[in-house]
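Work through the following exercises with the structure open. Each task is followed by a solution in steps.

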Amino acid sequence: MTTPLRRRIAGLSLAFCTLLAPTALAGATATAATTSDLNALDVTPNYSGDATTSTDGTPPAYPIYPAGYTSADSALLAAMSSRTNATLRTLTQDLSPVPDATPDALHISLTSITPNIIDGTTNNQVTINGTLTNVGKLPISDIELRLQRGDYAPYGNALRHTLVEDQINYPTALPFHSLNATLRPGATTTFTLKARITGGTGDTLNIHAPGVYPLLINANGRVNKSDSARLHDARILLPVLSLPGTTSQDPAQTAPRPITLLWPLATTPQEASYYSFSSVAVLRNENLGISLAKNGRLRALLDTGAALLGDRTLGNSVCLAVDPDLLRTVNRMTRPYRVLNSPTNRHDGVHKGKHSGDAQTWLDHLRGLAANSCVIALPWAGASLSATAHSRGDALPHQLMVDSRAVTSYLLRTRLSSHVIWPNVGMVTTADLAAADHPELLLASNALTSPNPYTLYQRNPKAPLRDVANSGYGQWFRADGTTYTVTPFDSTLATALAATGQNPTNSLFGPSDSRYLLTADSATARMQDAVATLLWKTSANLRRENLATNSYPDAPLIIAPPQHWSVTGSELKTFTDTLRYLARHNLITTQSLTDALAQSKQTPRHGTLNTHQFTSMPLPNVPLATVDRAVTTINRYHNVFANKGDNSFYKRARYNIYRATTTRTWGISPTLVGNVPTSHNNRPNQHQGSPGIALTTPPMLGYPTAYARSMALAGHAMRGSVTLIKPASIYTLASTDSDLVLVARNELPADVTVTVHTLQRTGDGDGAPTGPELAPARTITIPAQASLNVNIPVQLPSGTSVPVRVSLLSADGQELGTTVNMTVRVSRLTPLLGFLLFAAIAVLAFLILKRVLPLIRRSNGQGRSHE
């Protein structure tokens, strides 16, 4: 038998092996032929036998964990269901007990205040509407309500401090009004209170001068026919720019404040932590899709931002601040994506996402706006600068902002307007600066301890207001040989805006003695407080200043809402209507962010970092230990990758580091559950009508730990993600020249380079010692998330059975995946098979010649005869 023919016949060895192990090899062959992206929804390769990918793209359901591993989603479930006293104690530590978030009997929720701005053109009356809910177990009768007014806010911090003062500090009390209704447990009713602004007797607030006035709604009643007692109260700020019917001009109109409006587009990370290394997006739930759809939060933010950008008066002031984590997730949603059936239990499987069209529409709209607008990139997922710098070590401490800008610019298909860094918490420490690759920072106006001209945070209220004339606008400080320029945004206004929305937060830079359980106030009241603060910062009348004592003559005002701004469309309308009101009354002008950054560099004042503020509130633990262990494990297998630079696996690992070190949960208020009206927090309430009200920990508190654990899982799974598919225990070769054919699989999202070692075993069992090499070591590259047939040229004598061990090794000698131990047998029928084949060919050729040639001759003869 000739050698070429023997090699052709050797290819039949795969068929012989298939006869011996049809199931195992058929599965391996199918994997080698086609590899769906969904086969790599998780990097763990050790799926149980029945957990194959379905035709609709359902991910494997039963991954096998390393010993002692607790799944990320289990940790998240524990965080969500804990509602433990320890967690709530951390969230409520050092917060004011006023107002009371969880009253025992009656709960007040404000739904509207009309008008929300008092000036000379408004009627001499304010109307407040709200709801009363019996959250106790006993009926409440003889309910009485009244308004009380406190003194005007003489300085910036008073705008927040009045909201935590007891009713005794609201000395102007109006008469009580009876509801003439008895509320059964769980029952809700509405109320309306009206009062004159000035003049008269009875229901009058007796306001005689402009200012921001705190109002208190006081509710008394009898619980189960007991003595009448105060049951609950609620607070709201009322800005009075001028008394109704007057025509006084605001001194600030001669020197309107230039405003710059940062417009954040961000959310908490939405990808399911367990599948965060997936090539197909798997979301925790459909909340993001709903938010992108019509009437959703992100849709409303984008539409409102577009309207502001198109406003000839305000458009120049707006700068889009985009979270790259949100952009990447939305971009992945434009293709088919999956959603967990249960947000807290991945074992319940997944289903197809329904909002790919909404994601595409939203992304296209944003790209259109970004093409001709100011755009900056936020730190990825609101990550902590210091934590990411620590986890990246000395190699790439700046990678957070590099990744953030690169992904934002790429997905928006535009150049960023500035590389300025706006940390989520609005303040920095020396440790944060290791991640700062750019010397321009956007920080709160009290982030530095030097006297600040645009905040009254550290000022004596009795000091003259005009103590900052001719001061520089920007600030600067020096650290580790680098000079940083700080462009300050107003901390008082930013604190009020952070308190708005469905997920309100107490800002780190806010005054510590004015922090309270924000969910105790309704969303309407919290937005009204922010509106009053914005007006106070722009109107000299509200501050009771004149032209000579104006605190902010031409002083730039940078408005910085929270990066994760969880407001609804109606709340956004209230906010933007206020901006348009200020523009109409010539109290503000516009200034671009580029100009504001340039102005801050002109005559900056020196300052030092205000690190004391970081100790003013309890901060959640960042899971750095888990991240560090995961990074160490991942780096251990660095040499397995074909591209040892920045490959897809490393990128996804970094993204999880950013998500695990997010600061967007800092200062978040606990959620109210129980019989709370939907209108209270603009949030659907499945428990309305049930007695009782309580606090619970927001689900997002568990997300950072979940992403850290997913990194740990990925690190543990790396070794097993590059493996050989084990065939049957006995492998039969067709000839002595046949190649041993195995399938190598790579489930990592990056190409890997491995060396195939084939050794002879000198004993029985998987742990038997090995002998000589049966084939030279061979280096192969397996594409990302694919399989490859590996031909191993072994030279074995005919008719023998040889125990063989085949393994994959990384470049530094680490064994990967499953080592294949099997017995290779060479068939004894090889010479006879070759002889029979040649004989069959010879007989076939003889028969062809014998039968065909006479027919050809006969045909040729008949043809000539016919001619």
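The model is predicted.

**Exercise 1. Overall make-up**

Find how many helices and strands the protein has, and what share of its residues count as buried.

Solution. Step 1: the protein has 21 helices and 30 strands. Step 2: of its 867 residues, 57% count as buried. Step 3: turn to contacts between residues at least 6 apart in sequence; 78% of these join residues at least 24 apart.

**Exercise 2. The surroundings of His355**

Locate His355 and decide whether His355 is buried or exposed.

Solution. Step 1: His355 sits in the loop that runs between strand E13 (350–352) and helix H10 (356–370). Step 2: the relative accessibility of His355 is 15%. Buried means under 20%, so His355 counts as buried. Step 3: list the contacts of His355, leaving aside neighbours within four places in sequence; they are Glu286, Gly289, Ile290, Ala293, Met333 and Tyr337. Step 4: for Gly289 there is also a polar detail, as the His355 side chain reaches the backbone oxygen of Gly289 at 3.4 Å.

**Exercise 3. Nonpolar cores**

Identify the residues with the most contacts inside the largest nonpolar core, then examine Ile559.

Solution. Step 1: the largest nonpolar core has 188 residues, and those with the most contacts inside it are Trp263, Ile559, Phe575, Phe649 and Val806. Step 2: not counting residues up to four places away in sequence, Ile559 touches Ile259, Thr260, Leu261, Leu262, Leu493, Leu497, Leu534, Phe575 and Leu579. Step 3: a second, separate core has 32 residues, including Ala105, Ile113, Val240 and Ala525.

**Exercise 4. Cavities**

Count the cavities of 30 Å³ or more and describe the lining of the largest cavity.

Solution. Step 1: the count comes to 10 cavities of 30 Å³ or more. Step 2: the largest cavity has a volume of about 320 Å³. Step 3: this cavity is lined by 27 residues, of which Asn424, Ala498, Thr505, Pro562 and Gln563 are the closest to its centre. Step 4: sorted by class, the lining has 15 nonpolar, 11 polar and 1 charged residues.

**Exercise 5. Backbone details**

Place the cis peptide bond from Val98 to Pro99 and the positive phi of Asp142.

Solution. Step 1: the Val98 to Pro99 bond is cis, with omega near 0°, and Pro99 is in the loop between helix H5 (85–92) and strand E1 (106–114). Step 2: Asp142 has a positive phi of about 50° although it is not a glycine. Step 3: Asp142 lies in strand E3 (residues 140–149). Its relative accessible area is 43%, so Asp142 is partly exposed.

Technical notes. Residues numbered from 1 in each chain as written. Predicted model: local features only at pLDDT ≥ 70, side-chain atom pairs only at ≥ 80, totals over all residues. Heavy atoms only, no water. Helix = DSSP H or I, 4+ residues; strand = E, 2+ residues; numbered from the N terminus. Buried < 20%, exposed > 50% of the residue type's maximum accessible area, 1.4 Å probe, protein only. Polar contact = N/O pair within 3.5 Å; in protein donor to acceptor, adjacent residues only side chain to side chain. Contact = heavy atoms within 4.5 Å. Core = buried A, V, L, I, M, F, W, Y, C linked by side-chain atoms within 4.5 Å. 1 Å grid on protein atoms, 1.4 Å probe; cavity = no way out; pocket = protein on both sides within 12 Å on 5 of 7 lines; lining within 4 Å. Points joined across faces, edges and corners; volume = space filled by probe spheres on them. Nonpolar A, V, L, I, M, F, W, Y, C, P; charged D, E, K, R; others polar.
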